[in-house]
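Subject: Structure handover and notes

Dear colleague,

I am passing on the structure we spoke about, with the sequence alongside. Please look through it before you read my notes, which come after it.

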Amino acid sequence: MSDGSPARTNAVQPGPVQRPARPIAELDPDVARARPTGVAELDRVLGGGLVPGSVVLLAGEPGVGKSTLLLDVAHRFASCGQRALIVTGEESPAQVRLRAERTGAVHESLYLAAENDLGALLTHVDDVAPGLLVVDSVQTISTDTVDSASGGVPQIRAVAAALIAVAKQRGIATVLVGHVTKDGSVAGPRVLEHLVDVVLHFEGDRHTSLRLIRATKNRYGPADEIGCFEMREDGIVGLADPSGQFLSERATPVAGTCVTICIEGKRPLVTEVQALVARSPTGGTPRRSVTDLDSGRVAMLLAVLARHGGIAFGDFEVYAATVGGMRATEPGSDLAIALALASAARDAPLPQTLCAIGEVSLSGDVRRVGGLERRLAEAARLGFTVALVPGGHDGGSLRSAAIHGIRTLPVDTLPAALAAVANMRSRIGEGRRPALRTVHGGGASA
Ligand SMILES: Nc1ncnc2c1ncn2[C@@H]1O[C@H](COP(=O)(O)OP(=O)(O)O)[C@@H](O)[C@H]1O
Ligand SMILES: [Mg+2]
C-alpha cells in the first residue's frame, strides 16, 4: 500500500546550499568564458580554449601523443602567469622533465607530481593551487575508499567524480587523459564521457606523423571541429593548413590514384585515394584490404563498377587506402574511390590536375554533396585545374568555382565519369601548379 512508501519515511528536508540563488543579471559570464590555451589547433576544437572549472577528457591510444600535447598546453598556460600542475601516474618526474627539455617546455610555474593516490593528488592541488590541472592518466589514479581494482570502472568513476567536484569548486580547468585501446576500451573512458564537459579524441597512426583531435562532446562550443597536428622530434605542432599533407608528390602520374576533397568538421581537406588491383597469388578468396576508407562503401563501389562500369574485379585482390593517415569515409569521396579503383584495374593513370567529388549510388548515379563550393575552392588553391562534380548543380556554384580557377565537369553517372576521364588522356602528364608539401611518414622528423 502507499502508506509504506519510502518517500514518506525518508522525506527530504531542506538542506544547506553552497551558494544562494542570484538574479541572472548579476552573474558574471566571464567565469564560463573560454581562455585560449595558445595551441591554436586545440583552441579550434575546444571552441576558443579552456573554460575555468571545466573538465576535458582527452582520449587516445597509447603513444599517440597525449602527454606531449598536454605538456605543451601546460607550458603555455604557465607562461601566461598562472600555475599549471601535471600529475603523472605513468611516468617518473625525470621522464617528463626529459620530454620537457626536448620540447622546450620547462617553466617555473609548471609543477609536476608523480602520484597514483587520489588523496595525495588532492593535496598537491591544495599546495600548488593551479589554474590548470592535467591528470595523466585517469586510469592510473585510485583511491582506497573504493573497494575495487585500480583502473577498474568503479575506481575511474570515483576518481573522476572527485576531480570534477574540485574543478567546479575552485574553477580549475582540468584535463583528464584516458587511454583507449584498439580492441575496445579497457575499463575505458566510455564511463567518463557523460560525466565530463568536453570529450576529445586524439587520433593518429603511429606510422605517420599526422594527428587529429576530434570533439565528440562539448558543453561550451560546437562539437564538429577537428584540430590537425604533426608529431615531430621536438614535440607536437599544429597544422593550420594541412591539406597538402594528404597528397603524395610525384613527377609522373601513376595508375590507381585519385584526389578528392573531404569536409572534416568545417574544413575542406584535399585527400588522395590510392588503389591497387592485383591477381590473387593463392587462387583462393581474393583479398580486400581497406585502410582509412569505409570498407562497406568500397565493396559497394566495386559492385557498382562491375554492374554499371563494366569493370569486374572477380578474383583480383583489391587494396584501397588514403595518403598521410587521413580518413575519407564520407560519401563525397565515393567518386574518387571509384575512379582510383577503375584506374588501377585498367592501369590507366588519371591527370594529376584532376580531382573528383560526389557520392555514388547503387544505381551508378553520381549524387550531390554538401559544401561543393568550399571543396572546389580548396582544390583550386592547391593547384587542381579540373574537377568532376555531380551533375545538377546550378550554374551559380559552378560559375563562382570557375572564378577560383578550376574547371568543373558535371557528371550524372559513374559511366559518364569514366568516359570523361578517358577523354582526358591527352592531359596526363601536366603537373599541378603550386609545389605541394611532401607527406611525412614513419615518424621521421620534418
Ligand atoms: N625522444 C623522443 N624523440 C622523438 N620522439 C619521441 C621521443 N620520445 C617519445 N617520442 C614519441 O612521441 C610519441 C608520443 O608519446 P606520448 O606523448 O608519451 O604519447 P601518449 O601520452 O599518448 O602515450 C610516441 O609515439 C613516441 O614515439
Ligand atoms: Mg602518456
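The notes below take up the sheets, the ligand shell, the helix packing and two backbone details.

Please keep in mind that this is a predicted model, in which local features need pLDDT of at least 70 and side-chain atom pairs count only at pLDDT 80 or more, while totals for chains, interfaces and linings use all residues. Residues are numbered from 1 along each chain as its sequence is written, and chains are lettered from A and ligands numbered from 1 in the order in which they are written.

Helices (H or I, at least four residues) and strands (E, at least two) are DSSP runs, numbered from the N terminus, and two strands pair if DSSP finds at least two bridges between them. An open sheet of 9 strands has mixed pairing and follows the order β3-β2-β4-β5-β1-β6-β7-β8-β9. At its edges stand β3 (110-114) and β9 (235-238), each with a single partner strand, so one side of each has no neighbour in the sheet. Direction ignored, neighbouring strands of this sheet are turned against each other by 20 degrees on average. Strand β8 (residues 226-232) pairs with β9 in the antiparallel sense over 4 bridges, and within this pairing E230 has V237 in β9 as its bridge partner.

Further along the chain, strand β11 (residues 267-279) and strand β13 (residues 316-322) run antiparallel and are joined by 7 bridges, with A278 having E317 in β13 as its bridge partner. Strand β12 (residues 288-290), by contrast, pairs with β13 in the parallel sense over 3 bridges, and S289 stands opposite Y319 in β13. Between β12 and β13 the chain passes through helix α7 (residues 295-308), and this β-α-β crossover is left-handed (a right-handed one would run clockwise from the first strand over the helix to the second, with the strands pointing away from the viewer).

Ligand 1 is surrounded by G60, P62, G63, V64, G65, K66, S67, T68, R102, R206 and E233, where a residue is near a molecule if its C-beta atom, placed from the backbone, lies within 6 Å of it. Helix α3 (residues 66-79) gives the largest share of this shell, 3 residues.

The helix α3 also packs against helix α4 (residues 93-103), at an angle of about 70 degrees and with the axes 11 Å apart (axes are lines fitted to C-alpha atoms, for helices over the stretch in contact, and angles run from 0 to 180 degrees between N-to-C directions). That makes α3 roughly perpendicular to α4, since angles under 35 degrees count as roughly parallel, over 145 as roughly antiparallel, 65 to 115 as roughly perpendicular and the rest as oblique. The helix α7 packs against helix α8 (residues 334-346) at an angle of about 60 degrees, with their axes 10 Å apart, which makes α7 oblique to α8. In turn, α8 and helix α11 (residues 414-422) pack at about 55 degrees with their axes 11 Å apart, so that α8 is oblique to α11.

Two backbone details remain. Most residues other than glycine have a negative phi, and most peptide bonds are trans. A cis peptide bond joins D136 and S137, with omega about -5 degrees, and S137 lies in the loop between β4 (132-136) and α6 (153-170). A129, a residue other than glycine, has a positive phi near 50 degrees and lies in the loop between α5 (118-128) and β4.

With best wishes
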